[in-house]
Amino acid sequence: MTDNDKPISDKPARDKHYPCPECRKPMLRREGKKGPFWGCSDFPKCRATLNDLHGKPSTEINEDYRCPLCTRQMVKAEADKGEYWFCSGYSKGCKVRLADHNGAPEPAFRCRKCGNLLTKRKGKHGEFWGCRSYPECKATYHDSEGHPDF
Ligand SMILES: [Zn+2]
Ligand SMILES: [Zn+2]
Ligand SMILES: [Zn+2]
């Protein structure tokens, strides 16, 4: 990653070619362990990479691939371990694990009371959101179209 924060393209990107910030060769979109990213077509000679933001190369991190607790990037588990994502801060003590949702980590929401993640649960009266710190934290939230109703 460079600190070369100039706009990536100086002409309208009508031909879907995004020049490499280092050597100006076209960038290619790839599927990586931390989600999609852009790598230089001259790899391995040029090792420039950029994050993918809504299908375009960007120096910004796509928030969809960030850990909702510690903001590190999420990593996709090996295919034979199942379809889920875990936090790249796992060895540093962040045990966040999220199911795969169309190739990205499922949307996650934090408990307003303790800050831990919420999980959707099924109760007698329909679906609701419960805290993952249960039984230490007994906060629950109503479900409103797939989101906790804070
Ligand atoms: Zn390059
Ligand atoms: Zn984390
Ligand atoms: Zn809680």
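**Entry 1: elements of the chain**

I began by looking up the secondary structure, and I found zero helices and 12 strands in the chain. Read from the N terminus, the elements run β-β-β-β-β-β-β-β-β-β-β-β. A reminder to myself: this is a predicted model.

**Entry 2: overall dimensions**

Next I looked at the chain as a whole. Its C-alpha trace spans about 60 × 35 × 30 Å along the principal axes. The radius of gyration is 19 Å, whereas a compact globule of 150 residues would have one near 15 Å. I also looked up burial, and 15% of the 150 residues count as buried. Then I turned to contacts between residues at least 6 apart in sequence, and I noted that 22% of them join residues at least 24 apart.

**Entry 3: the sheet β1 to β4**

In what order do the strands of this open sheet stand? I read the order as β1-β2-β3-β4, with four strands and antiparallel pairing. The edges are held by β1 (27-32) and β4, each with a single partner strand, so one side of each has no neighbour in the sheet. From one strand to the next, the twist averages 45°.

I then walked across this sheet, pair by pair.

- β1 and β2 run antiparallel and are joined by six bridges. The two strands form a hairpin with two residues between them. In this pair I found Leu28 opposite Gly39 in β2, and Glu31 opposite Pro36 in β2.
- β2 (residues 35-40) and β3 (residues 49-53) are also antiparallel, and three bridges join them. Here Phe37 stands opposite Asn51 in β3, while Trp38 stands opposite Leu50 in β3.
- β3 and β4 (residues 56-58) pair in the antiparallel sense over three bridges. Asn51 turns up again, this time opposite Ser58 in β4.

I liked following Asn51 across the sheet: Phe37 stands opposite Asn51 on one pairing, and Ser58 in β4 is what Asn51 faces on the other. I also kept a general rule in mind while looking at the strands: in a regular strand, side chains alternate between the two faces of the sheet.

**Entry 4: the turn at His54**

How many residues lie between β3 and β4 in their hairpin? I found two residues between them, with His54 in the turn. The phi of His54 is near 50°, which is a positive value in a residue other than glycine. I then asked myself whether His54 is buried or exposed. His54 counts as exposed, because it has 7 C-beta neighbours inside 10 Å, and the cut-off for exposed is 12 or fewer.

**Entry 5: another positive phi, at Thr71**

I found a positive phi at Thr71 as well, near 65°, and Thr71 too is a residue other than glycine. Where is Thr71 placed? I located Thr71 in the loop between β4 and β5 (74-76). Thr71 is exposed, with 12 other C-beta atoms within 10 Å. That count sits right on the cut-off, since exposed takes in 12 or fewer.

**Entry 6: cis peptide bonds**

I went looking for cis peptide bonds and noted these.

- A cis bond joins Phe43 and Pro44, with omega about 5°. Pro44 is in the loop between β2 and β3.
- The bond from Tyr134 to Pro135 is cis too, with omega near 5°. I found Pro135 in the loop between β10 (126-131) and β11.

**Entry 7: the sheet β9 to β12**

Further along the chain I looked up an open sheet of four strands in the order β9-β10-β11-β12, with antiparallel pairing. Which strands stand at the edges? They are β9 (118-123) and β12 (147-149), and each has a single partner strand, so one side of each is left without a neighbour in the sheet. Neighbouring strands here are turned by 45° against each other on average, direction ignored.

My last stop was the pair β11 and β12. Strand β11 (residues 140-144) pairs with β12 in the antiparallel sense over three bridges. Within this pair, Asp143 stands opposite Pro148 in β12.

How values were computed:
Residues are numbered from 1 along each chain as its sequence is written. Chains are lettered from A and ligands numbered from 1 in the order in which they are written. This is a predicted model: local features need pLDDT of at least 70, side-chain atom pairs count only at pLDDT 80 or more; totals for chains, interfaces and linings use all residues. Two strands pair if DSSP finds at least two bridges between them. Axes are lines fitted to C-alpha atoms, for helices over the stretch in contact, and angles run from 0 to 180 degrees between N-to-C directions. A residue is buried if 20 or more other C-beta atoms lie within 10 Å of its own, exposed if 12 or fewer, and partly exposed in between; C-beta atoms are placed from the backbone. The radius of gyration is taken over C-alpha atoms; the globule rule is 2.2 Å times the number of residues to the power 0.38. Two residues are in contact if their C-beta atoms, placed from the backbone, lie within 7 Å.
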